[in-house]
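Subject: Structure for you to look at

Hello,

Here is the structure I said I would pass on. Please open it alongside this message; my notes come after it.

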Amino acid sequence: MTFSRWGVPGIFAAALALSAPAHAALPIGHKAPDFTTQASQGGKEFTYTLAAALKKGPVVLYFYPAAFTKGCTVEAHDFAEAIPQFQAAGASVIGVSMDPIAKLDKFSVSECRSAFPVASDADGKITREYDAKLPLVAMAKRVSYVIDPNGKVVLAYSSMSPDEHVERTLAAVKAIKAGAQQ
């Protein structure tokens, strides 16, 4: 008897991966890897390039395990509610998961409330470059980065709980803005 489409060994592998500590590996001051991928905002697909976004200001780049799961929905709602504050600090936000773009078209409308884009990293290349890949499963860890306009990582926060990601990234972009005004 199996308990899911993965079977019993798959359940144990997934449980192990989801319970493993989530650590962001890109250190503060590290150059953030540039990337280009398909994204969706308000259900409309477009090509997103980190380098282009950084020309406009700091970027909050957050990785999440899977669209429409409980924690990822909470996190998307929290980021959507805080978008005016991120914009006031001159920052943009993008969420990245290993979900297909068609799934993210729906997620961008319903859970992100069309407030910010979510990007597809279906092959996991971006997720691996940012050391945000969960072991053994095709999912990302919950990791948030703040990248300054020069492309340097100024915050790396990793926790499978969605609770503090918005608060911590918002504090980091406000600090960038405050430093720029001095």
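Below are notes on the overall fold, then the sheet and two of its helices, and last one residue, T169.

Please keep in mind that this is a predicted model.

Overall fold

The protein chain has six helices and seven strands. Going along the sequence, they come in the pattern α-β-β-α-β-α-β-α-β-α-β-β-α. Of the 182 residues in the protein chain, 48% are buried. Among contacts with a separation of 6 or more, 67% are between residues 24 or more positions apart. The protein chain has an accessible surface of about 8700 Å², and carbon and sulfur atoms account for 59% of that surface.

The sheet

Seven strands form an open sheet with mixed pairing, in the order β2-β1-β5-β4-β3-β6-β7. The edges are β2 (44-49) and β7 (153-158); each has a single partner strand, so one side of each has no neighbour in the sheet. From one strand to the next, the twist averages 25°.

One pairing to look at is that of β3 (residues 59-63) with β6 (residues 143-147): the two strands run antiparallel and are joined by five bridges. Within this pairing, Y62 has S144 in β6 as its bridge partner.

Helices on the sheet

Helix α3 (residues 70-88) packs on the sheet, where it touches β3, β4 (92-97) and β6. The direction of α3 makes about 180° with that of β3. Helix α4 (residues 101-110) lies across β1 (36-41), β2, β4 and β5 (118-120). Its angle to β1 is about 35°.

T169

Where does T169 lie? It is in helix α6, which covers residues 165-181. Is T169 buried or exposed? Its relative accessibility is 0%, so T169 counts as buried; the cut-off for buried is under 20%.

A polar atom of the T169 side chain lies 2.8 Å from the backbone oxygen of H165. Which residues is T169 in contact with, leaving aside its neighbours within four places in sequence? They are V60, F79, F86, S144, V146 and L155. S144 was named above as the bridge partner of Y62. To see this site in the model, start from T169 in helix α6 and go through that set of contacts.

Regards

Conventions:
Residues are numbered from 1 along each chain as its sequence is written. This is a predicted model: local features need pLDDT of at least 70, side-chain atom pairs count only at pLDDT 80 or more; totals for chains, interfaces and linings use all residues. Side-chain values use heavy atoms; hydrogens and water are left out. Helices (H or I, at least four residues) and strands (E, at least two) are DSSP runs, numbered from the N terminus. Buried means under 20% relative accessible area, exposed over 50%, partly exposed in between (1.4 Å probe, protein chains only). A polar contact is a pair of N or O atoms within 3.5 Å; within protein, one must be able to donate a hydrogen and the other to accept it, and residues adjacent in sequence count only if both atoms are side-chain atoms. Contact means heavy atoms within 4.5 Å. Accessible areas come from the Shrake-Rupley method with a 1.4 Å probe; for residues, only the protein chains shown count as cover. Two strands pair if DSSP finds at least two bridges between them. Axes are lines fitted to C-alpha atoms, for helices over the stretch in contact, and angles run from 0 to 180 degrees between N-to-C directions.
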